Amino acid sequence: MKPLLPSFRTLRTRMTVLYAGLFTIGLIALSIFAQVMIERSARNSATDELATSASVYDRLWQERERSLAGAADVVARDFGFRSAVASNDNGTIESALDSLRTRAGVPHALLVTNEGAVIGDAGEMGSGVTGIVGGLHSDLRDAVVAIGNRVYRIVTAPIMAPNEIGRIVFAVPLDASEMRGLEKLFAIPLTAEILTRTRTGVWSNGQITLPTDMGPAVTNIATPAGPSFAIVRPLAAPNGDAQAALLLRYPMARAMQSYRSIQLGLVAAGLAWLVIIIIGTGRLASGIAKPIAALDDAARRLEQGDRYEVPVESDDEVGRLALSFNRMSLGIKQREQRISHLAFHDGLTDLPNRVFFQQSLDQAVARSRRLHEQVGVLCLDLDGFKSINDTFGHPVGDALLRHVAQLLLQIADGAMVARLGGDEFAIIVPEAGDLGRSRRLAQAIVDIFSEPLQVEDRMIATGTSIGISMYPADGRDATALLKNADLALYRAKQEGRGKFRFFEQSLDEAARKRRQIETDLRVAIHNGQLQLAFQPIVASDGEVIKGFEALLRWPHPERGMIPPVEFIPVAEETGLIIQVGEWVMHEACRVAATWPEHVRVAVNVSPLQFRAQGFGSIVLQALSASGLAPNRLEIEITESVFLEGEMGVLQILHMLRALGVRVALDDFGTGYSSLSYLRSFPFDKIKIDRSFVTNVASDVSAAAIVKAIVDLATALSMETTAEGVEDESQHAQLQAQGCSTLQGYLFSRPIDAKAAAQLLASTRIARAA
């Protein structure tokens with residue numbers, strides 16, 4: 001299994017790298033911030049110094065212009081020089097100009113007359129100086145012109161005699177030597193360069209190119225030597241449109257030199273801080289990673305199901321976390337044990353539950369198969385447990401189940417006892433070398449439970465029924481054994497309860513047949529395959545039809561007519577009888593509504609249907625939908641409806657009587673307390689069971705019983721109907737004893753609704769042979 005966390009060494013390394021990385025990122029961010037502030041400070045300083053230098057340059061330029069113009073004015077006002085100019089004395093003019101050039105310290109001093117003549121050394125300007133001077137405004141004495149690849153500063157002084165007859169011109173080339181001289185005048189190491197306007201309209205000197213619309217502010221420019229702070233001063237041209245500009249730049253590297261020590265200090269401090277951080281975080285990570293790694297190891301062991309505690313070595317947050325983990329580990333282990341116990345044990349009795357029982361039975365079967373031994377499975381439940389719950393309440397019922405569980409553990413003598421659910425228990429009985437143990441144990445349980453049990457100061461009468469299956473005779477696996485034991489239990493309860501039965505193959509066949517009937521019955525209900533037959537109930541003379549009993553029939557499409565004795569019990573077991581009974585009630589009322597008004601219809605009602613919620617509403621709906629008068633409907637019930645208490649049954653009976661519906665007690669004389677039921681409720685009719693009618697003509701005792709029943713009914717103002725009349729001798733005896741109505745094959749077999757209508761239309765009944 002992969003660990004939840006990496007190893008201690010890896011975790012410590014990761015934490016060290018993490019913390020060191022975080023501090024390094026913070027240090028880098030701080031360094032970047034400091035660098036930005038340093039550069040901003042350097043820029044501000046360079047900007048201020050450049051602006052100051054530009055102001056100095058402006059003053060120097062003006063002072064130079066005034067100095068040159070003043071020297072030229074002195075010569076221009078000299079009478080002798082004016083006379084020489086007026087008389088075209090070139091020798092005197094050139095001598096004066098040479099002396100003036102030397103005094104002014106300029107390379108070129110010359111005279112340009114009004115006629116355009118040039119006297120003196122014009123250098124590379126040549127005769128082009130004439131046009132330059134001529135283009136100057138009368139009040140402009142200083143200008144910068146670009147001639148070829150060279151740039152000159154032109155300073156002039158007019159010669160007046162008294163009108164202007166010419167101009168003295170100083171031509172100063174703004175070359176590298178001039179720029180170096182200018183650089184020496186500044187307080188900072190600036191670089192001065194001359195830029196000329198190109199044909200494309202930009203300033204350029206071949207290496208640096210700048211737009212001509214740059215303002216007077218300091219800006220950053222890129223140069224071959226690196227980035228620089230720079231300011232550009234356009235130089236006045238003769239016609240007002242500058243042909244050249246002065247570039248003053250301050251290399252950024254020089255501006256940053258004064259901050260190098262600060263930057264180096266920051267780097268050194270950052271490295272020292274990083275080393276301290278790495279060492280400190282390493283120690284911190286070691287202190288945190290070790291207990292965390294221990295917690296991880298403990299968590300992995302806990303995940304694998306091992307109980308493990310982490311040693312608590314400190315009282316800090318990590319120590320408290322370890323203590324909490326230990327408590328959690330203990331709690332998880334206890335809860336797992338509790339959950340595991342609950343998953344395999346019953347919460348009420350603490351016996352093994354169905355899951356545990358199934359697993360144990362699988363193991364017992366496997367062991368018996370390996371050792372060629374037998375093992376028995378006992379399934380048992382309590383007789384009448386539902387009535388105990390209803391009578392004493394569920395707390396007493398639960399106490400009874402716990403008491404039963406303890407009794408079974410004592411009786412089972414080491415065999416596994418489990419509660420499968422409700423009041424159903426199961427026992428696994430190994431029979432290694434003790435054949436017959438399952439039978440003896442079942443008999444012992446039946447004997448003990450045949451006596452009342454004392455539960456919470458109450459004596460509760462109950463019993464138990466037991467079904468037994470044996471390995472390998474009754475099944476080769478746990479599922480088959482449990483199912484067959486349950487079938488045997490079902491048979492034991494059918495045969496009267498309070499006994500045990502072993503599984504037989506016929507039980508399985510019967511169970512499969514019941515399941516098939518249930519499946520087919522559901523289909524029959526859904527597809528409307530069920531039908532009603534009607535058997536006449538005639539007056540004692542055998543001539544007049546008083547009514548019909550509605551009898552349910554099931555013509556199966558494949559198996560033919562299925563007797564009610566086969567499918568009615570299945571319908572009652574599965575609860576389908578409620579749905580079937582509702583259909584029978586509606587259909588019988590619908591058919592009877594077409595008969596003459598004196599003819600009644602009798603409908604048998606199952607005890608389960610009778611006690612079902614809403615039975616009275618079903619009767620009322622059937623009468624309302626069909627339009628049948630309530631006194632023409634007769635409900636037939638058996639005394640078994642009273643088995644689970646008379647109170648609720650009597651309420652339903654009185655409700656039916658209030659509607660006007662007649663009530664008959666069917667199969668009278670076959671139960672144990674029929675007379676008490678007659679006292680509890682005044683029935684309209686008593687139906688004498690066919691078991692008495694069959695021998696009424698040949699058996700004196702049977703005739704006496706029938707006579708007693710008729711006399712009893714007459715005394716209670718009740719009618720009587722004898723069922724199963726099949727011959728004339730029975731008819732004569734019953735008529736002689738005063739039986740009100742008769743029913744049987746002597747008069748008619750059950751017939752369909754159409755035949756019943758035809759029979760009613762005839763004047764008399766044609767008796768069977």
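His372 sits in the loop that links α9 (354–371) to β12 (375–383), where helices (H or I, at least four residues) and strands (E, at least two) are DSSP runs numbered from the N terminus. The model is a predicted one, so to speak of a local feature takes a pLDDT of at least 70 and to count a side-chain atom pair takes pLDDT 80 or more, while totals for chains, interfaces and linings use all residues. Residue numbers start from 1 along each chain as its sequence is written, and side-chain values use heavy atoms, with hydrogens and water left out.

Back to that loop: phi of His372 comes out near 60°, a positive value in a residue other than glycine. His372 counts as exposed because its relative accessibility is 74%; the scale here is buried under 20% relative accessible area, exposed over 50% and partly exposed in between, with a 1.4 Å probe and protein chains only. Glu456 is another non-glycine residue with positive phi, in this case near 50°. Its place is the loop between β15 (453–455) and β16 (458–460), and at 48% relative accessibility Glu456 counts as partly exposed. Backbone oddities also include a cis peptide bond from Tyr471 to Pro472, with omega near 5°. Pro472 belongs to the loop between β17 (463–471) and α13 (478–494).

Positive phi turns up again right after a helix: Asp413, which follows α11, has phi near 55°. Helix α11 itself covers residues 394–412, 19 in number, and spans 26 Å from its first C-alpha to its last, close to the 27 Å expected at 1.5 Å a residue; the expected span is 1.5 Å times one less than the number of residues. Among the buried residues of α11 are Val396, Leu400, Val404, Leu407 and Ile411. As a reminder, an α-helix has 3.6 residues a turn, so residues three or four places apart point the same way.

Now for helix packing. Helix α2 (residues 79–86) and helix α3 (residues 90–104) have axes that come within 8 Å and cross at roughly 135°. Axes are lines fitted to C-alpha atoms, for helices over the stretch in contact, and angles run from 0 to 180 degrees between N-to-C directions. That angle makes α2 oblique to α3, given that under 35 degrees counts as roughly parallel, over 145 as roughly antiparallel, 65 to 115 as roughly perpendicular and the rest as oblique. On the α2 side the contact (heavy atoms within 4.5 Å) uses Phe81, Ala84 and Val85, and on the α3 side Thr92, Ile93, Ala96 and Leu97. Sorted by class, this contact has 6 nonpolar, 1 polar and no charged residues; Ala, Val, Leu, Ile, Met, Phe, Trp, Tyr, Cys and Pro count as nonpolar, Asp, Glu, Lys and Arg as charged, and the others, Gly among them, as polar.

Helix α18 (residues 615–626) and helix α19 (residues 646–659) pack at about 20° with their axes 10 Å apart, and are therefore roughly parallel to each other. Phe615, Gly616, Val619 and Leu620 of α18 meet Ile652, Met655, Leu656 and Leu659 of α19. The class tally is 7 nonpolar, 1 polar and no charged residues.

Finally, Lys513 is found in helix α14 (residues 505–527) and, at 42% relative accessibility, counts as partly exposed. Leaving aside residues up to four places away in sequence, Lys513 touches Arg559 and Glu566. Lys513 and Glu566 are 53 residues apart in sequence and 9.6 Å apart in space, C-alpha to C-alpha.
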